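Please open the model in your viewer and keep the sequence panel beside it, so that each selection can be followed in both places. The tour goes from one selection to the next, and at each stop there is something to look for.

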Amino acid sequence: QVQLVESGGGLVQAGGSLRLSCAASGRTFGTYATGWFRQAPGKEREFVASITWTGGTTNYADSVKGRFAISRDNAKNTVSLQMNSLKPEDTAVYYCARHRQRFVVPGTKPYEYDYWGQGTQVTVSS
């Protein structure tokens, strides 16, 4: 019923910026909290950032705090991730996801999310 499509990934040099976008089709994000995760080769999927449905509360992994910014536009059914000062260790496939529950501050575990996008590759060169 819900399909999420990420876009905006690509190749960028260290110190550069990218803006990822996640668009929802089918049902809207509505009041669901959303999050961004990433998975590097040989590593488990890890939490990057999350945002409540109102956009009033955000949370970031320590590794990206101060460099990444998550936002959402409920009217457009989109959630974005602005990534600045990118580092080679940011290289991964980035996924957006919808939290299982409404009206909550989303957590950091992948199992808390029930719908996932296909992922978009972000590669940061040295």
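The stops below cover strands, a loop, aromatic rings, a nonpolar core and charged pairs.

**Stop one: strand E5 and its partners**

Keep in mind from the start that this is a predicted model. Select residues 46-51, which make up strand E5, and show the surface of everything else: five of these six residues are buried, so the strand is largely enclosed by the rest of the structure. Now add residues 32-39, strand E4, which runs antiparallel to E5 and is joined to it by five bridges. To see one place where the two strands meet, pick Trp-36, whose bridge partner in E5 is Ala-49. Between E4 and E5 the hairpin has six residues, and among them you can select Gly-42, which takes a positive phi near 75°.

On E5 you can then turn to strand E6, residues 58-60, which pairs with E5 in the antiparallel sense over three bridges. Here Ile-51 stands opposite Thr-58 of E6. The hairpin of E5 and E6 also has six residues between its strands, and in this one Gly-55 has a positive phi near 80°.

**Stop two: a residue in the loop**

Select Thr-52, which is found in the loop between E5 and E6. Is Thr-52 buried or exposed? Its relative accessible area is 7%, so Thr-52 counts as buried. If you display what surrounds Thr-52 and set aside the neighbours within four places in sequence, you will find it in contact with Ala-33, Thr-57, Arg-72, Val-104, Val-105 and Pro-106.

**Stop three: Ala-23 in strand E3**

Move next to Ala-23, which lies in strand E3, residues 18-26. With a relative accessibility of 33%, Ala-23 is partly exposed. If residues up to four places away in sequence are not counted, Ala-23 touches Gln-3, Leu-4, Val-5, Asn-77 and Thr-78. Draw a distance from the C-alpha of Ala-23 to that of Val-12, and the viewer should show 22 Å, although the two residues are eleven apart in sequence.

**Stop four: the aromatic rings**

A pair of aromatic rings is described by the distance of the centres and the angle of the planes. The model has five aromatic pairs. Select Phe-37 and Trp-116, whose ring centres are 5.0 Å apart and whose planes meet at 55°, so this pair is tilted. The pair links distant parts of the chain, with Phe-37 in strand E4 and Trp-116 in strand E10 (residues 113-116), 79 residues apart. Phe-37 is buried, with a relative accessible area of 0%, whereas Trp-116 is partly exposed, at 26%.

Widen the selection to Phe-37, Phe-47, Tyr-95, Tyr-113 and Trp-116, which form one aromatic cluster. Then add Arg-45, whose charged end sits over the ring of Tyr-95 at 3.9 Å from its centre, and which also lies over the face of Trp-116, 4.8 Å from that ring's centre.

**Stop five: the nonpolar core**

The largest nonpolar core holds 30 residues, of which Trp-36, Val-48, Phe-68, Ile-70, Leu-81, Met-83 and Tyr-94 touch the most other members. Colour the strands and you can see where the core comes from, for at least two of its residues are supplied by each of several strands, including E1 (2-7), E7 (68-73) and E9 (92-102). Centre the view on Phe-68, where the contacts beyond four places in sequence include Val-48, Leu-81, Met-83 and Tyr-94, as well as Arg-38 and Asp-90.

**Stop six: the charged pairs**

Side chains of opposite charge can pair when their charged atoms come close. How many salt bridges does the structure hold? There are five salt bridges. Select Arg-38 and Asp-90, which form one of them, with the closest N and O atoms 2.9 Å apart. Arg-38 belongs to strand E4 and Asp-90 to the loop between E8 and E9, so the pair ties together parts that are 52 residues apart in sequence. Both Arg-38 and Asp-90 are buried.

For the last selection, take Arg-98 and Asp-114, whose side chains meet in a salt bridge at 2.9 Å, N to O. Arg-98 is buried, with a relative accessible area of 2%, while Asp-114 is partly exposed, at 27%.

Note on methods
Residues are numbered from 1 along each chain as its sequence is written. This is a predicted model: local features need pLDDT of at least 70, side-chain atom pairs count only at pLDDT 80 or more; totals for chains, interfaces and linings use all residues. Side-chain values use heavy atoms; hydrogens and water are left out. Buried means under 20% relative accessible area, exposed over 50%, partly exposed in between (1.4 Å probe, protein chains only). Helices (H or I, at least four residues) and strands (E, at least two) are DSSP runs, numbered from the N terminus. Two strands pair if DSSP finds at least two bridges between them. Contact means heavy atoms within 4.5 Å. Rings of Phe, Tyr and Trp (its six-membered ring) pair if their centres lie within 6.5 Å; planes under 30 degrees apart count as stacked, over 60 as edge-to-face and the rest as tilted. A charge sits over a ring if NZ of Lys or CZ of Arg is within 6 Å of the ring centre and within 35 degrees of the ring normal. A nonpolar core is a set of buried Ala, Val, Leu, Ile, Met, Phe, Trp, Tyr and Cys residues joined through side-chain atoms within 4.5 Å. A salt bridge is a side-chain nitrogen of Lys or Arg within 4 Å of a carboxyl oxygen of Asp or Glu.
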